[in-house]
Amino acid sequence: MLLVGLRAEVTGDAAQALGHWRGKVEEIHDEAGAATVARALAEAELVVDALLGTGLTGAARGLTAQVIEQINRSTARGGVPVVALDLPSGLGSDGGALLGHTVRATLTTTFAGLKRSLLLHPAAEHAGRVVVVPLVSRRSKWIVA
């Protein structure tokens, strides 16, 4: 798994999920890491996009924007499918306008319910096929669908 950023800076639900991950995590935090991303994309059979969360309020910048563009170029060239978790990275959840660099997903698995941007254009064009996935907690036995 490639993490664009530093593990120590991951917070909230993402930090909890990352804490359960038992595989290798390679932190990408500078321009040298962009070459690692390019190599990984060249070998990928599937890209899972979870770069940014749903609280995005502005355009992706810096290394994150660069990685989004790498994903889009690589997958367009090679036809590799991109599965976005909740929203394609770079897409705000509330409106149809694009905020800036945005992942072009083949499939978006969104959680609990649809976000407005998955329905409104031009943002919806970046989502691909959209599937709503219910949230299930094994601990408290709740389901949000």
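This passage describes a salt bridge, some backbone features and a serine contact set in a predicted model.

Side chains of opposite charge can pair when their charged atoms come close. In this predicted model, the count comes to 1 salt bridge. The partners are Lys 115 and Asp 86. Their side chains meet at 2.7 Å, N to O. That value falls within the 4 Å cut-off for a salt bridge. Lys 115 sits in the loop between strand S5 (107-111) and strand S6 (129-133). Asp 86 belongs to the loop between strand S4 (82-85) and S5. The two residues are 29 residues apart in sequence, so the pair ties together separate parts of the chain.

Both partners can be placed by their accessibility. Lys 115 has a relative accessibility of 15%. Buried means under 20% relative accessible area, so Lys 115 counts as buried. Asp 86 has a relative accessible area of 13% and is buried as well.

The backbone of Asp 86 also stands out. Its phi is positive, at about 75 degrees, although Asp 86 is not a glycine. This residue of the salt bridge thus combines a loop position between S4 and S5 with a positive phi and a buried setting.

Ala 112 offers another case of positive phi. Its phi is near 75 degrees, and Ala 112 is a residue other than glycine. Ala 112 is found in the loop between S5 and S6. Its relative accessible area is 23%, and Ala 112 is partly exposed. The partly exposed class starts where the buried class, under 20%, ends.

The loop between S5 and S6 also holds Pro 122. The peptide bond from His 121 to Pro 122 is cis. Its omega is near 10 degrees.

Ser 93 lies in the loop between S4 and S5. At 13% relative accessibility, this serine counts as buried. Its contacts were taken without its neighbours within four places in sequence. On that basis, Ser 93 is in contact with Thr 54, Leu 87, Lys 115, Arg 116 and Ser 117. One of these, Lys 115, is the lysine of the salt bridge with Asp 86. Lys 115 therefore has links to two residues of the loop between S4 and S5: the salt bridge joins Lys 115 to Asp 86, and a contact joins Lys 115 to Ser 93.

Methods: Residues are numbered from 1 along each chain as its sequence is written. This is a predicted model: local features need pLDDT of at least 70, side-chain atom pairs count only at pLDDT 80 or more; totals for chains, interfaces and linings use all residues. Side-chain values use heavy atoms; hydrogens and water are left out. Helices (H or I, at least four residues) and strands (E, at least two) are DSSP runs, numbered from the N terminus. Buried means under 20% relative accessible area, exposed over 50%, partly exposed in between (1.4 Å probe, protein chains only). Contact means heavy atoms within 4.5 Å.
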